[in-house]
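Please read the points below slowly, with the structure open beside them. They go through the ligand surroundings, the division of the protein and one of its sheets in turn.

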Amino acid sequence: MPYNEQTITSIRRWSPKTFSFRATRPEGFQFKNGQFVTLGLRCDGKLVPRAYSIVSDPDEPDLEFLSIHVPDGPLTSQLAQCSVGDTVWINSKVTGSLTLDYVQPGRNLYLLATGTGIAPFISLIRGDQVFERFETVILVHSVRTAAELTYREEIEARVGDRLRYVPTVTREPHANNQRGADLFRSGELSRMLGLPDADPEFDRVMLCGNPQMNREMTAYLKDNGWTMTNYKGVGNFTVEQAFVATQGVE
Ligand SMILES: Cc1cc2nc3c(=O)[nH]c(=O)nc-3n(C[C@H](O)[C@H](O)[C@H](O)COP(=O)(O)OP(=O)(O)OC[C@H]3O[C@@H](n4cnc5c(N)ncnc54)[C@H](O)[C@@H]3O)c2cc1C
């Protein structure tokens, strides 16, 4: 049976809309920084599974996840009520297109996230490899309200020459109210960090956000000489949905 019964070991609530939790790790469970897994709860005896990016580094003993709370969502309406000691079912199969295998090596790596789309990027920056492959990693996190700037303290503690962090808040007063995608496209992102303009020859991009951000950025990059990783080969940008929109886009 691919789903393993695991135990929630800690929960951190960031805001009414977002929380993180840790769970025990199935025996022999291997993954790469940036991958996702399917996990779920049994509701009335029936498993309700959903895709979740793994926040942890593979060297950590347990598995950490960042979750949205959709009040009428089949899984998260239940998951948000869980306590330490409750059971979560975790599939043994991992996959995903936000690992370092999905972009060519290069100079600067731009990680553009909206909302919970930051989860796979936290995993990447918790590892060493990303800093061995790239001179500078630029993590851009766009959210509606400052409370959704999850992992902010951890990221800020890691910031230095090799890791730059640009949080943006679009629906509240904040030092930066622009969407990350707009900052990238206008060139302001590189300029404000004192970096050379993002260039498909040297730089790489990973996208994990709402469907609209992914669509807009993918179209922009393709129109400007960037090549997306797909079955034909490894390009200079890669994209993954942070969620699938069935009720409109955030
Ligand atoms: C590859 C992949 C990786 C994912 N990783 C994560 C993750 O790390 N953390 C996470 O919380 N979710 C993630 N999701 C979304 C997740 O699978 C579920 O959709 C989410 O947990 C809500 O489940 P639900 O059953 O409560 O509602 P669903 O019926 O699945 O979703 C209801 C609606 O809520 C909205 N929604 C769903 N997820 C989100 C979200 N994350 N942010 C904003 N709006 C959302 C959409 O409009 C969706 O149509 C991922 C999805 C994919 C495809």
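**Notes on the ligand shell, the domains and a sheet**

1. The element that contributes most to the shell around the ligand is strand 4, which gives four residues. Please keep in mind while reading that this is a predicted model.

2. Strand 4 (46-53) is joined in this role by strand 5 (63-68), helix 1 (76-79) and strand 11 (237-241), each of which supplies at least two residues of the shell around the ligand. In total, 26 residues surround the ligand, and the closest are Arg50, Gly73, Leu75, Thr76 and Phe243.

3. What classes of residue make up the shell around the ligand? It has 13 nonpolar and ten polar residues, together with three charged ones.

4. The protein is divided into domain 1 (3-94) and domain 2 (100-241), and the shell around the ligand draws at least three residues from each of domain 1 and domain 2. When you look for the ligand in the model, it is therefore worth following the chain in both domains, since each of them supplies residues to the shell.

5. The C-alpha centres of domain 1 and domain 2 lie 24 Å apart, and 15 residues of domain 1 are in contact with 13 residues of domain 2. On the side of domain 1 that touches domain 2, strand 1 (3-15) and strand 5 each supply at least two residues, with strand 5 providing the largest share, namely three residues. By class, this side of domain 1 has six nonpolar, seven polar and two charged residues. Strand 5 thus deserves a second look, as it supplies residues to the shell around the ligand and also to the side of domain 1 that touches domain 2.

6. Turning to the sheet, you will find an open arrangement of five strands in the order 9-8-7-10-11, with parallel pairing. Its edge strands are strand 9 and strand 11, each of which pairs on one side only, and neighbouring strands of this sheet are turned by 10° against each other on average, if direction is ignored.

7. Within this sheet, strand 7 (residues 108-114) runs parallel to strand 8 and is joined to it by seven bridges; Leu112, for instance, stands opposite Val140 in strand 8. Strand 8 (residues 136-143) also pairs in the parallel sense with strand 9 (residues 163-169), again over seven bridges, and here the bridge partner of His141 is Pro167 in strand 9. Between these two strands the chain passes through helix 4 (residues 152-158), and this β-α-β crossover from strand 8 to strand 9 is right-handed.

Key:
Residues are numbered from 1 along each chain as its sequence is written. This is a predicted model: local features need pLDDT of at least 70, side-chain atom pairs count only at pLDDT 80 or more; totals for chains, interfaces and linings use all residues. Two strands pair if DSSP finds at least two bridges between them. A crossover is right-handed if, with the strands pointing away from the viewer, the path from the first strand over the helix to the second runs clockwise. A residue is near a molecule or strand if its C-beta atom, placed from the backbone, lies within 6 Å of it. Ala, Val, Leu, Ile, Met, Phe, Trp, Tyr, Cys and Pro count as nonpolar, Asp, Glu, Lys and Arg as charged, and the others, Gly among them, as polar. Axes are lines fitted to C-alpha atoms, for helices over the stretch in contact, and angles run from 0 to 180 degrees between N-to-C directions. Two residues are in contact if their C-beta atoms, placed from the backbone, lie within 7 Å.
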